[in-house]
Structure formats: structure tokens, C-alpha cells
There are 2 protein chains.
Amino acid sequence: MDLTFRDLNVILVQRELTDPISGEKLINDLTLAGNHVYMDEQLDAAARRVLFDLTGLHDIFLEQFYTTGDPDRLSKPMDQLWLKSINKNPSERVVSVCYYSLINSINITITKKDRVVLWVPVQDVKNQELAFDHAKILENALLALRNKLKHEPISFELLPEKFTLSQLQRLYEVVFNTEYDKRNFRKKINKMNYIIKLEEKQVGVSHKPATYFSFDRNIYEACKSEILNFSS
Amino acid sequence: MDLTFRDLNVILVQRELTDPISGEKLINDLTLAGNHVYMDEQLDAAARRVLFDLTGLHDIFLEQFYTTGDPDRLSKPMDQLWLKSINKNPSERVVSVCYYSLINSINITITKKDRVVLWVPVQDVKNQELAFDHAKILENALLALRNKLKHEPISFELLPEKFTLSQLQRLYEVVFNTEYDKRNFRKKINKMNYIIKLEEKQVGVSHKPATYFSFDRNIYEACKSEILNFSS
DNA sequence: ATTCATAGTGTAATTGATACACTTTTTTGA
DNA sequence: TCAAAAAAGTGTATCAATTACACTATGAAT
């Protein structure tokens with residue numbers, strides 16, 4: 001199997017409310033994944049727990065990027081209706097500490113007992129479909145992700161252990177919503193000595209097989225601390 | 001008066017506790033400025049309020065950079081002692097949404113009725129002098145500030161309306177803790193068409209007077225949105 | 001054997017980054 | 001009034017990085 005990177009998706013959870021009498025759909029939209037932080041739980045740990053409940057994955061790249069706590073962020077009529085329907089106090093103040101994570105959808109079954117969970121390509125997400133202030137949170141997440149990716153090679157979280165340069169390029173093109181020249185892109189990658197060319201090549205593809213590369217975390221950490229020690 | 005930029009300082013609040021019986025100083029250290037968020041108050045608004053109470057200033061540049069909520073961030077013995085002394089429940093969970101602000105210390109009198117407030121050069125802050133997890137917060141603030149300053153000219157918040165290129169250079173040197181070549185620095189500044197050369201020069205200085213420059217926010221906003229529209 | 005699909009490669013031109021030293025202007029005080 | 005002090009202001013040559021651009025190589029499928 002040779003799954004290439006295709007799209008940047010976000011995990012969204014369906015929020016549905018049906019009028020028990022008329023059977024009319026009162027609410028049918030989407031939210032980002034989230035949950036309350038337990039007493040005595042670190043904020044990062046809560047984010048990891050949410051992610052684990054959804055994907056079954058541990059030890060995932062996770063980055064806090066934004067905290068939202070506007071007193072009327074839950075005040076849209078639909079959000080109020082929803083909060084009442086799940087027996088929350090609709091006037092309670094909610095502060096959300098937001099994290100993004102990068103996960104490779106290969107091999108993952110997203111699971112949530114009582115709710116429908118979807119992968120949605122970020123460019124297909126309609127703002128008005130998102131509950132609460134989640135559209136704004138998603139926008140901030142993308143900005144933070146792009147900014148991070150400019151300076152650190154976190155993109156490897158989204159790729160398999162062995163990847164081709166075309167896959168890597170495609171990833172950057174999707175995240176930054178642009179196109180790069182193949183030769184110039186490869187020149188840049190060539191300068192990164194933590195990207196290791198392997199002996200192995202693709203097999204079973206109906207065209208010239210690409211060479212696999214891998215990311216060497218040790219080399220990266222080493223040259224990262226060099227930068228910190230000298231040039232900053 | 002011609003105050004040039006000299007140092008990057010942080011406002012710290014003294015935390016002092018004296019044993020009422022023995023007169024012994026039990027606590028004598030420093031904290032970052034902060035306060036609880038009121039019910040019904042936006043997070044940004046709370047940060048602005050803290051800043052206003054300290055400095056009397058409105059409409060100040062402010063940027064959220066980090067939220068800390070580790071359950072045992074207040075658990076050092078001295079912090080526990082302090083919390084009891086001010087009648088807080090020492091085992092209560094406290095989440096801090098952290099902001100940094102850039103203010104020009106000129107014309108500012110920092111005021112706080114019952115506490116001593118100090119400007120301290122950031123490089124002089126000893127980590128062990130800071131209460132709670134404030135040393136880590138300060139460290140994160142500096143990282144976030146440098147990162148922001150690489151991409152956006154927020155440095156103007158720290159300069160007077162009219163500033164000289166030497167002042168601007170000094171500011172960058174202090175924030176990034178490095179030195180730049182004068183000619184190369186000026187070449188870079190020259191390319192920024194939102195930095196306007198004025199007719200005015202310094203007066204009363206005992207050397208060749210420097211030309212004043214100013215920052216044109218409109219031109220900056222215009223070219224910023226051009227970048228967003230085309231090249232990203 | 002041909003077609004299709006994607007991998008993989010080099011060079012020239014332009015732009016940006018760096019290293020580097022002297023002259024200019026004003027005040028101050030001998 | 002002249003010399004010294006202090007900081008402003010300026011140009012060029014080298015090297016590194018970025019961009020634009022088009023063809024050949026390989027393997028599978030037919």
C-alpha cells in the first residue's frame with residue numbers, strides 16, 4: 001500500500017438535535033472536537049485525552065495555539081438551544097484552551113460512541129456550519145500551523161516513516177495553498193541534512209518509482225540547538 | 001527631551017510576607033502582573049484592565065501567547081504559604097491566560113496602591129526570584145515576542161512617534177540580544193516603505209543630529225494585505 | 001513496442017545577505 | 001577659535017539564496 005498525502009483534513013463532530021415531538025431537525029451542524037478538563041488534569045493531558053478518545057492514538061504531536069473565553073461565545077440561539085438540550089447551564093462561562101494536532105489518517109478509525117465524526121478537507125469547511133466560535137478557532141489553528149511549519153519540520157507528523165519528495169512537496173503545497181517548482185523545492189530539501197535518502201524505492205507503481213526518504217529526528221534536534229546556540 | 005531606547009524591561013510586582021509575630025520576612029520575591037478575569041469580561045479586556053491599573057494607559061498593543069493550567073503550578077511551599085496568607089484556597093485550580101504588551105516607559109508612572117512595582121531589565125531577572133511558574137511564562141513571552149518581531153514591526157510600540165534609525169536598531173539588538181551592522185541594518189529599513197523619513201532632525205544633542213523617522217501604519221497595513229493576497 | 005505517468009536533474013539571472021572603514025556634523029571645552 | 005569627542009551617515013565587492021525554466025529516465029500497462 002502506498003498512500004500519498006492528498007488533503008489537509010480536520011476532524012469534525014456532528015451536532016444533531018431533533019424535536020422529540022415534531023421530529024423536526026432543530027440543529028444539524030458540526031463542532032471541533034473537545035471536552036472539559038478534569039480537575040487535577042494538565043491542559044495538554046486533556047487535549048491528548050480528547051484525541052485518544054477519538055483516534056486511539058498516543059504520543060501525538062500537539063500544540064497549544066490559542067485560548068478563547070469571550071463571555072458571549074456560546075450565545076448564538078442555536079448554541080443556547082444545544083446547551084439546554086444537553087443539560088448544561090447555557091449562561092455558564094466557558095474558556096477553551098485550543099490545541100492542534102497533526103495526525104496521519106492512514107490506519108486510523110475515528111470512533112465516538114454516540115456521535116458521527118468526520119474528516120473534512122479544511123478548504124471545504126463552511127464557516128456557518130461550525131458551532132459556537134469554532135470557525136474562528138479553526139482559522140487561528142491554520143494560521144498557527146502555517147507559521148509553525150515555516151520554521152519547524154512538523155510536517156513529518158503527517159507523513160509515513162518513509163516518504164517520497166513528491167509527497168513532502170504536496171504536503172507543503174496543501175498547507176500553504178500554493179505550488180512550488182519541483183527543482184527548487186528539492187534544492188531546499190537537499191540542504192536539510194536531517195532528511196535522509198534511503199536505498200529503498202517505491203514498488204508496484206505504474207511509473208518511474210520514487211526514492212524514499214526519512215526524517216532523522218536526532219540530526220534535526222542537533223542542528224536546531226546549534227542554531228539556538230550561535231545565530232540567535 | 002530625547003529619550004532613546006535602552007533596555008527591554010518587564011514590570012514585576014513585589015510579593016512580601018512578614019511573620020506578624022517574629023517580624024521575620026517569610027516571603028520576598030517577585031511576580032508578573034496579573035489578576036482574575038471578571039465574570040462577563042473578555043479575556044483581552046481583563047489583560048487590558050491589569051495593564052491600565054498598573055500604568056494608566058489605554059489602547060496598548062497586547063498579544064495573547066500562552067495559557068498555563070498545570071494543576072500543581074502553585075504547589076511550591078512558598079506559593080502555598082502566600083495563597084493562605086491572602087485567604088485563597090491553596091488547592092484551587094488556577095488557569096492563567098498570558099499576554100504580553102509593549103509599552104514605552106517614557107511618561108509612565110507605575111502605580112499599585114499596596115504593592116511595590118518595578119521595571120526590571122529582562123536579562124537581570126533571576127528565575128528563582130519569580131513566584132509560581134512565572135519564570136516559565138516570562139521565557140515563553142520572550143520567545144513569542146521575538147517570533148512576532150521577526151514578522152511584524154510591532155517594535156514601533158516601544159518607540160516614540162518620531163525615532164532615529166539608531167534607536168530602532170538598538171531596539172532590535174536588545175530584543176534579539178545581538179548586534180547588527182549599521183549599514184546593513186539601514187539597507188533593510190530602506191526597503192520598508194512604511195518607515196518614513198521626516199524633515200526634522202534631533203536638536204540639542206552634542207554630536208551630529210540624527211534624522212527622525214516615523215512609522216506609517218496605513219502603508220504597513222496596505223502592504224501587509226498585499227502579501228496576504230498574493231504571495232501566501 | 002508504444003504510451004502513460006511520474007521521477008529526477010542543471011544552469012543562468014536576479015536578488016538578498018554579509019563584511020567592512022571612512023567622512024560628516026554638531027557640541028563641548030581647552 | 002580650534003581641537004576633540006560623539007554619533008550620524010554612506011558604498012562596494014563577495015557570496016549565498018532564490019527564481020525561472022525543459023528535458024530525460026524509468027517502469028507498468030496496453
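Start at DNA strand C: the largest share of the surface near that strand, five residues, comes from α5(B). Helices here are DSSP runs of H or I with at least four residues, strands are runs of E with at least two, and both are numbered from the N terminus. A residue counts as near a molecule or strand if its C-beta atom, placed from the backbone, lies within 6 Å of it.

This is a predicted model, in which local features need pLDDT of at least 70 and side-chain atom pairs count only at pLDDT 80 or more, while totals for chains, interfaces and linings use all residues. Residues are numbered from 1 along each chain as its sequence is written, and chains are lettered from A and ligands numbered from 1 in the order in which they are written.

**Stop 1: DNA strand C**

Select A:S166, A:R183, A:H207, A:T211 and B:K208, which come nearest among the 20 residues around DNA strand C. Then colour by element: α4 and α5 of chain A, together with α5 of chain B, each give two or more residues to this surface. By class, the surface near DNA strand C has three nonpolar, seven polar and 10 charged residues. In this classification Ala, Val, Leu, Ile, Met, Phe, Trp, Tyr, Cys and Pro are nonpolar, Asp, Glu, Lys and Arg are charged, and the others, Gly among them, are polar.

**Stop 2: DNA strand D**

Move to DNA strand D and select A:K208, B:S166, B:R183, B:H207 and B:T211, the nearest of the 20 residues around it. At least two residues each are supplied by α5 (182-191) of chain A and by α4 (165-176) and α5 (182-191) of chain B. Which element gives the most to the surface near DNA strand D? It is α5(A), with five residues. The class counts for the surface near DNA strand D are three nonpolar, seven polar and 10 charged.

**Stop 3: the helix pair α4 and α5**

Hide the DNA and show residues 165-176 of chain A, which are helix α4. Helix α4(A) packs against α5(A) at an angle of about 100°, with the axes 11 Å apart. Axes are lines fitted to C-alpha atoms, for helices over the stretch in contact, and angles run from 0 to 180 degrees between N-to-C directions. That angle makes α4(A) roughly perpendicular to α5(A), a label used for 65 to 115 degrees; under 35 is roughly parallel, over 145 roughly antiparallel, and the rest oblique.

For the contact, select A:L165, A:L168 and A:Q169 on α4(A), then A:K182, A:F185, A:R186 and A:I189 on α5(A). Two residues are in contact if their C-beta atoms, placed from the backbone, lie within 7 Å. This contact of α4(A) with α5(A) consists of four nonpolar, one polar and two charged residues.

Repeat the selection in chain B, where the axes of α4(B) and α5(B) come within 11 Å and cross at roughly 100°. The two helices α4(B) and α5(B) are therefore roughly perpendicular to each other. On α4(B), B:L165, B:L168 and B:Q169 meet B:K182, B:F185, B:R186 and B:I189 of α5(B).

**Stop 4: chain A against chain B**

Superpose the chains: a rotation of 180° with 0.0 Å of shift along its axis puts chain A on chain B, with an RMSD of 0.1 Å. This is the relation of a two-fold axis. The fit is by least squares on the C-alpha atoms of residues with pLDDT of at least 70 in both copies. The same surface serves both copies, as 92% of the contact residues of chain A recur in chain B.

Next select the contact between the chains, which takes 13 residues from chain A and 13 residues from chain B. The side of chain A that touches chain B holds five nonpolar, four polar and four charged residues.

**Stop 5: the sheet**

Show chain A as a cartoon: there are six helices and seven strands. Its C-alpha atoms fill a box of roughly 65 × 45 × 30 Å along the principal axes.

Find the open sheet of three strands, ordered β2-β1-β5 in chain A, with antiparallel pairing. Strands pair if DSSP finds at least two bridges between them. The edge strands are β2 (25-32) and β5 (117-121) of chain A, each pairing on one side only. On average, neighbouring strands of this sheet are turned by 35° against each other, direction ignored.

Select residues 9-18 of chain A, strand β1, which pairs with β2(A) over seven bridges in the antiparallel sense. There, A:Q14 stands opposite A:L30 of β2(A).

Finish in chain B, where five bridges join the antiparallel strands β1 (residues 9-18) and β5(B). Label B:L12, whose bridge partner in β5(B) is B:L118.
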